[in-house]
Amino acid sequence: MEKAEKAEKAVNEGEHHEVRADAPAGPADATDGVWSGSWVAERLGVELVGDDRLTGLLGLALRRNPKRAHLLVSNVLGKHVPQSPSVVYGYGVELGRRVRDLLGDDEARKAVVLGYAETATGLGHSVADGLGLAPYLHSTRRPVAGLAPAGGFEESHSHATSHLLLPEDPALLTGDGPLVLVDDEFSTGNTVLNTVRDLHERYPRRRYVVVALVDMRSAADASRLAEFAGEIGARVDLVAAASGTVRLPEGVLAKGQELVARYESESAATGDRSSAAASWPVAQFPAPLEGVAADSPGARGTARTAPTGPHPDDNRAHPHVTRIDLRWPEGLPDGGRHGFTPAHRKRLEDALPDMAARLADALPADARRVLVLGFEELMYAPLRLGQELERVTDADVRYSTTTRSPVLAVDDPGYAIRTRLRFPAHDDPADGPGERYAYNVAGAGFDAVVAVVDSAADTPRLHAPDGLLAQLAAHTPEVLLAVVPSYAPEAPHAPERPSMLPEPLRGPVFSSYAPEEVGWLLQDLSDVTLEAPTEEREEAIQSGGAHYAESLPVEYQPSEQYQELFHAALEDSAARIAQAAGVVTETVLAERSPRPVLVSLARAGTPVGILMRRWAQHRHGLDLPHYAVSIVRGRGIDANALRWLAAHHDPRDVVFVDGWTGKGAITRELAQALEEFEKSDGVTGFSPEIAVLADPGSCVRTYGTREDFLIPSACLNSTVSGLISRTVLRADLVGPHDYHGAKFYRELAGTDVSVAFLDAVAARFPEVTDAACAQAKELLAADRSPTWEGWAAVERISEEYGIHDVNLVKPGVGETTRVMLRRVPWKVLARAGAGSDLDHVRLLAEQRGVPVEEVDALPYTCVGLIHPKYTRGATGADGKAVTV
């Protein structure tokens, strides 16, 4: 403390002061008494000289870098070496507290903390948390279109050198308070000099504080920083957890490069050891900094040791990737790339328990060892999630992140990087595609890995066969994926969102319907290839590798026999459909609004919305507005479409329309989505009640019938729905201010029956008018409260047939037809004695080799079962291929 007190009293011009944080001695050996830097030290003659605790904090590795052969590998940073998140966070927080002690509260309130990408983004965040009073910003290698950098600098020894500073608030760097610069290691001082030089020219200030886990500068480098402080007339303080130097013998760079080349060539010749699971020795790490209080973030103390040897279940088949919805707070930045304030931290603290509980609930019950894996610059959010997960579970939780830095992996206890996973970049980086890495994950005995990425990185490459998730799944029994929304500020002076959203698309430019029949609140993706073979889509969806809305099935082209069935079914059911359309329309007009705005849920709801519009014209002479919008299970309704509707109509007049109910999943999805939209936008009045033609699941109050019968529009795909595809929601195609997308299949015009279907049904309106009006009157006087009996039946079937996933059970004629056309069906359950309503289902089942099983007392006419745990070649409820 003597140095700190002296520094406080020093003159504020041209001074350089160093404050050493009292790091713990901790165990110096990484594994079984072997220092994880001994392998490099023995072969290259590299030495760490300084504090006794250095070898507990650092190991050594070799990297493929023309500027520096060796890599100091921190055991407490959480980048390359999986570590207890409480230990990682505790080191940063304690360093921040010491900076606050150094500055005093008044100066701390005026400070800004700046961390370095990618390695120190989480450490800088943690230091800012320990400081408690200052906003945080970290440099980035991800530019934002239209956002001018507030500064930039070069990291000369790094694998990727250019850094950008992109604060949302340009004033963040313009104050005269202290600038606290945080890096994981202070090796030569060049990066700090480059940063201060650049920023001091733009935003001069009187004081800088440099913070690092380890200060490894030579005496010459230390004097350069002191001289630089004098040159710019500013005070520069340094706070570090430990200090020392690296002694490098002559010719070490060339020798290191030769060693890397030799080992990599041997690895290529024998098969990449970095991707293979290996037995994992006991790993011990140093405790948090001395003086951390028992109730502080770092109070867990020494990280628990990893079990020796492979996991006893390492040979079991790896299950699918499970996507976890964190419910990340709306508008909360995912990190400090554009600034993170103490208020942001408070919001995150409040949300962490719920988010961690979601992760904990998704973990296997027997998970003993869990890794939370962050993503390059996204270090802080995964760290805090891991720390909270560590608090609420009994599992041994570790934390590390992926990186772009290429490091040689050597499976030796005296080497810091034991294994390496390689995978392609998956966030569309500005510097182009390339390899990325996850170190010390393979063979570490993890029962589950929670991969945390931002939404910009949730791309097809993440889910590709050689992507990160596939690499992880090869080395752990369970992979969970948690996606944090990427936060990017608007370009300067841009409104929060576009002042005018696009007008609805209409036929014949988009769809084969007449322009007055429906306006599509969608964007046209007709020129984008989105189709994938059914089997590939099913495998990706069930493995968690993709959401069903991220691609499209190949459009089913019906055989001549199937088309004949469609026309026969239409002839038989047109009057019944016409009456149901009349009943639901009369109910809406009497109960919901005298001039409703019909909003169909694309695409199954669109033909029904048009029929309701035609009925209102036929019976009442009304010309009702009608639109189609997208809703996606698990992702909600298109919020931009709701904004357009709210700007052009009274939300209280909007009536959402769908074709039919199955188990009621979309009904629940709409209710939740509207609740969230009201919170985010403050728009009230939208009713979550859906009007449907048929409600066999008893999920809604407004319906035309509750019978489960064949609606011919369910028999086909786009050729009965205006030639429009199912809707698409994918991050690289649909931005935050875009409508969801869909395709217009103009090339299928020769087989289009969309208008023919509508005309055939509407032609029966006159003959059913009296019956429809009478039935509507009876329904209006009756108790129509949903019983949700369909949902109960689905849950029962899911368990009875060993599926254990209600999303793979599709009840009703319409949903069963969709299973046969778009998914990989397992079997069809048919109500005993079901007649011609199932002719087309039986034909499709015969064509695809799917058994139809008759069942007594089935509440639906039929139920389609999607193949559970599907992989190509799979059979049976366990999803495993049968061998003979």
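In helix 11, the buried residues are Tyr380, Ala381, Pro382, Leu383, Arg384, Leu385, Gly386, Gln387, Glu388, Leu389 and Glu390, a list that holds charged residues such as Arg384 and Glu388 beside nonpolar ones such as Leu383 and Leu385. The model in which this helix is seen is a predicted one, and helix 11 makes a convenient place from which to begin reading it. Because 11 of its 13 residues are buried, helix 11, which covers residues 380–392, is largely enclosed by the rest of the structure. Its end C-alpha atoms lie 19 Å apart, which agrees with the 18 Å that 13 residues should span at 1.5 Å a residue. The surroundings of the helix can be named as well, since the model shows its buried residues packing against helix 4, helix 6, helix 10 (342–362), strand 13 (369–375), strand 14 (396–402) and strand 17 (448–454).

One of these neighbours, helix 6, spans residues 121–131 and contains His125. His125 has a relative accessible area of 2%, and with that value it counts as buried. Setting aside the residues within four places of it in sequence, His125 is in contact with Tyr136, Gly335, Gly336, Phe340 and Tyr380, and Tyr380 is also among the buried residues of helix 11.

Before going further, it helps to step back to the chain as a whole. The protein chain has 884 residues, of which 60% count as buried, and it contains 22 helices and 33 strands. Among the contacts in the chain with a separation of 6 or more, 78% are between residues 24 or more positions apart. The pLDDT averages 81 over the protein chain, and 82% of the residues score at least 70. Over residues 872–884, however, the pLDDT is below 50, and this stretch has 24 contacts in the model beyond near neighbours in sequence. Residues 20–31 likewise have a pLDDT under 50 throughout, and for them the model has 43 contacts beyond four places in sequence.

The nonpolar interior comes next. The largest nonpolar core is made of 139 residues, and those with the most contacts inside it are Leu62, Val180, Val211, Tyr415 and Leu472. Helix 4, which runs over residues 85–103, gives the most to this core, with 9 residues. For Val211, leaving out residues up to four places away in sequence, the residues touched are Leu95, Val99, Val127, Val180, Leu181, Val182, Asp183 and Val239. Apart from this core lies another one of 102 residues, among them Ala581, Leu642, Val728 and Tyr739.

Further along the chain, strand 23 (residues 597–602) is largely enclosed by the rest of the structure, because 6 of its 6 residues are buried. Both of its faces are covered, with Val597, Val599 and Leu601 buried on one side and Leu598, Ser600 and Ala602 buried on the other. Strand 23 runs parallel to strand 24 (residues 626–632), to which 5 bridges join it, and Ala602 has Ser630 as its bridge partner in strand 24. The pairing of strand 23 with strand 26 (residues 654–660) is also in the parallel sense, over 4 bridges, and here Ser600 has Val657 as its bridge partner.

Helix 15 occupies residues 605–620, and its 16 residues reach 22 Å from the first C-alpha to the last, close to the 22 Å expected at 1.5 Å a residue. This helix is mostly covered, as 12 of its 16 residues are buried, including Gly605, Val608, Ile610, Arg613, Arg614 and Trp615. Just after helix 15, Gly621 takes a positive phi of about 70°.

The last region to visit is an open sheet, in which 4 strands follow the order 30-33-31-32 with mixed pairing. Strand 30 (809–811) and strand 32 (852–855) stand at its edges, and because each has a single partner strand, one side of each is left without a neighbour in the sheet. From one strand to the next, the twist averages 20°. Strand 31, at residues 825–831, pairs with strand 32 in the parallel sense over 4 bridges, and Val828 stands opposite Val852 in strand 32. Helix 20 (residues 789–800) packs on this sheet, where it touches strand 30, strand 31 and strand 33 (862–866), and the direction of helix 20 makes about 140° with that of strand 30.

Terms used
Residues are numbered from 1 along each chain as its sequence is written. This is a predicted model: local features need pLDDT of at least 70, side-chain atom pairs count only at pLDDT 80 or more; totals for chains, interfaces and linings use all residues. Side-chain values use heavy atoms; hydrogens and water are left out. pLDDT is the predictor's confidence in each residue, from 0 to 100. Contact means heavy atoms within 4.5 Å. A nonpolar core is a set of buried Ala, Val, Leu, Ile, Met, Phe, Trp, Tyr and Cys residues joined through side-chain atoms within 4.5 Å. Buried means under 20% relative accessible area, exposed over 50%, partly exposed in between (1.4 Å probe, protein chains only). Helices (H or I, at least four residues) and strands (E, at least two) are DSSP runs, numbered from the N terminus. Two strands pair if DSSP finds at least two bridges between them. Axes are lines fitted to C-alpha atoms, for helices over the stretch in contact, and angles run from 0 to 180 degrees between N-to-C directions. The expected span of a helix is 1.5 Å times one less than its number of residues.
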